[in-house]
Amino acid sequence: QVQLVESGGGLVQAGGSLRLSCAASGRTFSSYGMGWFRQAPGKEREVVGVIRWSDGFTHYADSVKGRFTISRDNAKNTVYLQMNSLKPEDTAVYYCTAGRYSSAGLSPTYWGQGTQVTVSS
């Protein structure tokens with residue numbers, strides 16, 4: 001079982017920055033990956049970006065490429081989402097997820113409670 005706890009959400013003006021954190025505890029494996037998803041009101045949950053735990057390989061949704069960066073701290077079992085040049089359309093509840101990472105990508109299995117990010121225009 002893996003437990004995920006997010007932090008770092010809040011209200012920011014357009015063009016600003018926020019950093020989200022996701023601390024993982026419990027049993028994890030080097031074959032795991034972690035990722036961030038988001039869900040805006042009235043919309044489906046969508047992937048933001050994913051990081052492969054073994055080597056730090058990352059990939060992102062086109063909508064956030066060049067603005068968001070995922071990183072990890074192995075010693076702390078923590079993943080970060082640095083969000084720069086935020087836009088009002090980035091407003092959503094952001095969820096951290098973890099699961100096995102294969103050639104098909106991340107299979108989200110465990111989820112955090114979510115953290116609200118609101119970007120004002």
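How many aromatic pairs does this structure hold? The count comes to two, in what is, keep in mind, a predicted model.

Let's take the pairs in turn. A pair of aromatic rings is described by the distance of the centres and the angle of the planes. For Phe-37 and Trp-111, the ring centres sit 5.2 Å apart and the planes meet at 70°, so this pair is edge-to-face. It joins distant parts of the chain: Phe-37 belongs to strand β4 (residues 32-39) and Trp-111 to strand β10 (residues 105-111), with the two positions 74 residues apart in sequence. Phe-37 counts as buried because its relative accessibility is 14%, under the 20% cut-off. Trp-111, at a relative accessible area of 34%, is partly exposed.

The other pair brings in Tyr-95, whose ring centre is 6.5 Å from that of Trp-111; the planes are at 85°, so we have an edge-to-face pair here too. Tyr-95 is in strand β9 and Trp-111 in strand β10, so this pair ties together parts that are 16 residues apart in sequence. With 15% relative accessibility, Tyr-95 counts as buried. Put the three residues together and you get one aromatic cluster of Phe-37, Tyr-95 and Trp-111.

Now step along to Cys-96, and to the disulfide. There is one in the model: Cys-22 and Cys-96, with their sulfur atoms 2.0 Å apart. Again, distant parts of the chain are linked, since Cys-22 lies in strand β3 (residues 18-26) and Cys-96 in strand β9 (residues 92-102), 74 residues apart. The torsion about the S-S bond is about -80°, so the disulfide is left-handed. Both cysteines are buried.

That leads us to Glu-6, over in strand β1 (residues 2-7). Is this acidic side chain paired with a positive one, or left without a salt bridge? Glu-6 has no salt bridge although it is buried, and the nearest side chain of opposite charge, Arg-45, is 7.8 Å away. A salt bridge would need to be within 4 Å, so Arg-45 doesn't qualify. What the Glu-6 side chain does reach is backbone: the nitrogen of Cys-96 at 2.6 Å, and the nitrogen of Gly-114, also at 2.6 Å.

Look around Glu-6 and some familiar residues turn up. Beyond its neighbours within four places in sequence, Glu-6 is in contact with residues including Cys-22 and Cys-96, the two halves of the disulfide, as well as Tyr-95 from the aromatic cluster. Trp-36, Ser-21 and Tyr-94 are also among its contacts, and so are Gly-112, Gln-113, Gly-114 and Thr-115.

Key
Residues are numbered from 1 along each chain as its sequence is written. This is a predicted model: local features need pLDDT of at least 70, side-chain atom pairs count only at pLDDT 80 or more; totals for chains, interfaces and linings use all residues. Side-chain values use heavy atoms; hydrogens and water are left out. Helices (H or I, at least four residues) and strands (E, at least two) are DSSP runs, numbered from the N terminus. Buried means under 20% relative accessible area, exposed over 50%, partly exposed in between (1.4 Å probe, protein chains only). Lys and Arg count as positive and Asp and Glu as negative; His and the chain ends are not counted. A polar contact is a pair of N or O atoms within 3.5 Å; within protein, one must be able to donate a hydrogen and the other to accept it, and residues adjacent in sequence count only if both atoms are side-chain atoms. Contact means heavy atoms within 4.5 Å. A disulfide is a pair of cysteine sulfur atoms within 2.5 Å. Rings of Phe, Tyr and Trp (its six-membered ring) pair if their centres lie within 6.5 Å; planes under 30 degrees apart count as stacked, over 60 as edge-to-face and the rest as tilted.
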